[in-house]
Amino acid sequence: MTKKTKTIRLLMPQWQGGNNPNYSFGAELLAWLAPDNDQPLIHVPVQTYDGTPLENENGMNGRTQLLEQLKATHHLIHAHKPDRIVMFGGDCLVEQAPFAYLNERYDGELGLIWIDAHSDLVRYVGYDNGHTVPLGNLLGEGDEEFAKHVNIPLKPENVFIAGLATPTEQEAKVISEGFQKLGIGFAEQDTDMVQRLGIRTAGTEELKNSTSSIKAWIKERGIKHLAIHLDLDVLDPKAFRSLLFANPEEPFNLSPQGTMQLPQLLHLLKELSEETDVVGLGITEHLPWDSIYLKKLLGEMPILNN
């Protein structure tokens with residue numbers, strides 16, 4: 001008799017990694033929008049925002065809270081011992097615990113598709129938010145204190161970054177000016193680390209024409225079990241508005257915008273599911289601005305609060 005595969009869903013409304021309390025509501029709405037089934041939904045305890053600014057601890061905002069929440073996630077996952085994990089975040093750092101566990105579960109041979117406009121490999125000195133390093137941590141690099149919680153680092157050759165954005169000339173100028181204004185620098189350029197580790201990448205334009213580079217990688221590496229990180233920032237903010245880049249009150253110009261369209265993303269996810277066994281999916285950085293501002297409005301209405 002074949003053993004039934006055990007899948008759990010985690011809801012982790014973590015906001016400290018992006019230093020933005022709106023990520024919490026985005027995670028909760030994401031979990032609510034997902035189709036109902038018999039997969040248990042497990043809530044990871046996250047310290048809610050109480051109006052107190054995060055403390056910069058050794059180059060990372062909210063380091064203590066983030067480490068406590070990482071350990072809580074590890075504890076919950078190991079208590080359930082799942083075969084598959086779905087993670088609803090939250091900032092991108094929520095991916096560390098589930099993907100580290102899955103790499104152990106599958107004997108250090110997990111494949112990982114990082115669908116993201118950004119690599120999430122390196123620290124930006126001066127922009128000290130933990131959501132810039134989750135992939136670096138999973139590879140045993142990134143932030144040393146967080147990387148210690150990855151028992152078996154992923155193999156760089158088993159990682160593929162899909163949808164990586166190359167800034168236009170105008171974007172590069174705006175980003176550079178923003179970095180200079182805020183005093184932001186690099187510990188190491190992400191492109192340098194990609195080359196040093198030999199990580200495969202493909203931009204949205206290349207994948208629009210064909211996903212053959214990803215299929216070839218899966219076959220070449222013999223990827224039997226695959227985890228998918230989906231940062232919604234990979235999408236075009238002109239077409240999908242629930243993104244950091246689409247904030248109508250405070251535009252974000254410190255990194256290049258994604259350009260992928262929803263039909264292309266769906267096609268990619270379906271093709272991956274046909275190529276190999278998808279055992280992990282994390283969806284992150286959901287910022288539904290209309291709902292966020294409407295929620296605030298409703299919270300101020302006297303008749304709703306008397």
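Start by selecting arginine 9 and look across to strand E5: the bridge partner of arginine 9 there is valine 86. Keep in mind as you click around that this is a predicted model.

Now widen the selection to the two strands. Strand E1 covers residues 7-12 and strand E5 covers residues 84-89, and they pair in the parallel sense over six bridges. Slide along to leucine 11, and you'll find phenylalanine 88 as its bridge partner in E5.

Stay on E5 for a moment. How many of its six residues are buried? Five of them are, so to speak, under cover: E5 is mostly covered. On valine 86, look for leucine 281, which stands opposite in E12. Strand E12 (residues 277-284) pairs with E5 in the parallel sense, over four bridges.

**Zoom out to the sheet**

Show all the strands of this sheet. It is an open sheet of eight strands with parallel pairing, and the order to trace is E2-E1-E5-E12-E11-E6-E8-E10. Which strands stand at the edges? Pick out strand E2 (41-43) and strand E10 (200-202): each has a single partner strand, so one side of each is left without a neighbour in the sheet. As you turn the view, follow the twist, which averages 20 degrees from one strand to the next.

**Over to E8**

Next, select strand E8 (159-162) and turn on its side chains. In a regular strand the side chains alternate between the two faces of the sheet. Here Val159 and Ile161 point one way, while Phe160 and Ala162 point the other way. Are these four buried or exposed? All are buried.

E8 has company to look at on both sides. E6 pairs with E8 in the parallel sense over four bridges, and isoleucine 113 stands opposite phenylalanine 160 of E8. With E10, E8 pairs in the parallel sense over three bridges; click alanine 162 and you'll see that its bridge partner in E10 is alanine 202.

**A helix on the sheet**

Add helix H9 (residues 212-221), which packs on the sheet. Which strands does H9 touch? They are strand E6 (111-115), E8, E10 and strand E11 (225-231). Compare directions too: that of H9 makes about 170 degrees with that of E8.

Now bring in helix H10 (residues 262-275). Two packed helices are described by the angle between their axes and the distance between the axes. For H9 and H10, the axes come within 11 Å and cross at roughly 25 degrees. H9 and H10 are therefore roughly parallel to each other, and H9 passes H10 in a right-handed crossing.

Show the side chains where they meet. From H9, select Ile214, Lys215 and Ile218; from H10, select Leu268, Glu271, Leu272 and Glu275. Colour them by class and you get four nonpolar, no polar and three charged residues in this contact.

**Last stop: alanine 27**

Finally, select alanine 27, which lies in helix H1 (residues 22-33). How much relative accessible area does alanine 27 have? The value is 0%, and because buried means under 20%, alanine 27 counts as buried. Leaving out residues up to four places away in sequence, alanine 27 touches Leu11, Met12, Pro13, Phe88, Gly89 and Gly90. Two of those names may look familiar from the start of the tour: leucine 11 and phenylalanine 88 are the bridge partners in E1 and E5.

For one more click, measure from alanine 27 to aspartate 91: the two are 64 residues apart in sequence, yet 8.7 Å apart in space, C-alpha to C-alpha.

Definitions and conventions: Residues numbered from 1 in each chain as written. Predicted model: local features only at pLDDT ≥ 70, side-chain atom pairs only at ≥ 80, totals over all residues. Heavy atoms only, no water. Pairing = 2+ DSSP bridges. Axes fitted to C-alpha atoms, helices over the stretch in contact; angles between N-to-C directions. Contact = heavy atoms within 4.5 Å. Parallel < 35°, antiparallel > 145°, perpendicular 65-115°, else oblique. Left-handed = near helix turned anticlockwise from the far one by under 90°. Nonpolar A, V, L, I, M, F, W, Y, C, P; charged D, E, K, R; others polar. Buried < 20%, exposed > 50% of the residue type's maximum accessible area, 1.4 Å probe, protein only.
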